[in-house]
Amino acid sequence: MTTSPSAVALAPSEIAVLARAVSRAPSVHNTQPWRLRIHYSDADLVERTEIWLPRHDPDGRDRTMSCGAALAHLQPAARVLRRCGTTSFPRTGAVVATVRADPGASPDSVELVRYHAISRRRSHRRWFAGNEVSEVDCSAVAAAAGEPGVRAVVPGHLDALGEMLGFATRVFRADPAYQRELWMWIAHTCGFHGLGAEDGVPEGSLSDEALPAAGLVRPDTPVPDDARVTKRLRPGRFLVFCTDRDTRPEHLAAGAAVERTWVEAAARGLVGSVLTQPLHLLGFRELLAERLELPGRPQAIFRFSHPADPVPPLPRRPLTDLLPGDFPGTGAEPDDPPRSTL
Ligand SMILES: Cc1cc2nc3c(=O)[nH]c(=O)nc-3n(C[C@H](O)[C@H](O)[C@H](O)COP(=O)(O)O)c2cc1C
């Protein structure tokens, strides 16, 4: 298949819009494991496989899910630029998706609302306000997942969920190798580059308030007893994202589904956080699927409700890092002819 004759090269200002949207996506430990490659009117989302968290994410599942979340930002950004946003998925290599940016119809109101909510979405690991989320909001958030192979399930048996999260908290708290790796990404805030860098999770954002339902477990994380854990879960609403199998395309789709629901929650004035940490413990997912009677393999747990307090946005790598070549240049020369695609 060749690039369509109606294709129009992405202008530098449009590339900046795409890059900003991608950069605001959530990612495991705020590693931002993605890059953008622009070819005339197409945008390749590239997974940075050199980013690896051997203790937290040995199979790279969270890294691919993070790229799925970035894709869920790239597509609506293409649409607000009145580009079609059609997406193809190469089967191999580091390019996880190519978003076509041929001219398209104007975005509808739902697309616009969700696009604008991207900048308001952030990880909220704190207490929620006491007021219940309405059934209308709950259904709309779950329905926003929009990936046929991914089911967003409201879990029953919250006591079983609480018990299992409490168990995982104790295991991670006592694992020195795990804690060393985590420390690299949260120490005095930011990632490998130290203070002031643009990746990693600032310590201040990792409140212990809502653990083990939200957050990352550190050596001094308090572990409440099981009954109290379950009580802590109650003010929030939960969705568990499940897929039939455990392949890379399914991880990508799960990440996109999680992020679409998260953005829909933000559009409705709700806040939330994603938890995958316990799902990396050996045997945890199988037992969780059995105890919560889930219809597949759990990939992520999303907790959401009304905010008690606002939380500030976390830093991001500069856009120059995201795009090879001089930003807002494209990495390709402006006069490059349209690329042929498979
Ligand atoms: C695949 C994936 C897994 C994540 N797992 C966890 C987790 O287990 N615990 C947690 O507190 N945050 C988790 N997060 C949230 C990230 O830490 C967060 O997105 C990142 O620090 C950027 O912050 P922001 O969401 O406020 O933009 C996860 C995010 C993604 C995309």
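This is a short talk on one sheet and on the aromatic pairs in the structure above, which is a predicted model.

Let me begin with the sheet, which is open and has four strands in the order E1-E2-E4-E3, with antiparallel pairing. Its edge strands are E1, residues 34–39, and E3, residues 87–88, each of which pairs on one side only. Further in, strand E2, residues 42–47, and strand E4, residues 95–100, are paired in the antiparallel sense over five bridges, and there Val-46 has Val-95 in E4 as its bridge partner. Helix H1, residues 12–23, lies across E1 and E2, and runs at about 160 degrees to E1.

I turn now to the aromatic side chains, where the structure holds three aromatic pairs. One of them joins Phe-172 and Tyr-178, whose ring centres are 4.6 Å apart and whose planes stand at 50 degrees, so this pair counts as tilted. Phe-172 is buried, with a relative accessible area of 5%, and Tyr-178 is buried as well, at 1%.

The rings of Trp-262 and Phe-302 have their centres 5.7 Å apart and their planes at 55 degrees, so that pair, too, is tilted. It links distant parts of the chain, since Trp-262 belongs to helix H8, residues 248–267, while Phe-302 belongs to strand E8, residues 297–305, and the two are 40 residues apart. Both are buried, with relative accessible areas of 4% for Trp-262 and 0% for Phe-302.

What else surrounds Trp-262? Together with Phe-302 and Phe-304, Trp-262 forms one aromatic cluster, and Arg-121 lies over the face of Trp-262, at 4.4 Å from the ring centre.

Conventions:
Residues numbered from 1 in each chain as written. Predicted model: local features only at pLDDT ≥ 70, side-chain atom pairs only at ≥ 80, totals over all residues. Heavy atoms only, no water. Pairing = 2+ DSSP bridges. Contact = heavy atoms within 4.5 Å. Axes fitted to C-alpha atoms, helices over the stretch in contact; angles between N-to-C directions. Phe/Tyr/Trp six-rings, centres within 6.5 Å; stacked < 30°, edge-to-face > 60°. Buried < 20%, exposed > 50% of the residue type's maximum accessible area, 1.4 Å probe, protein only. Lys NZ or Arg CZ within 6 Å of the ring centre and 35° of its normal.
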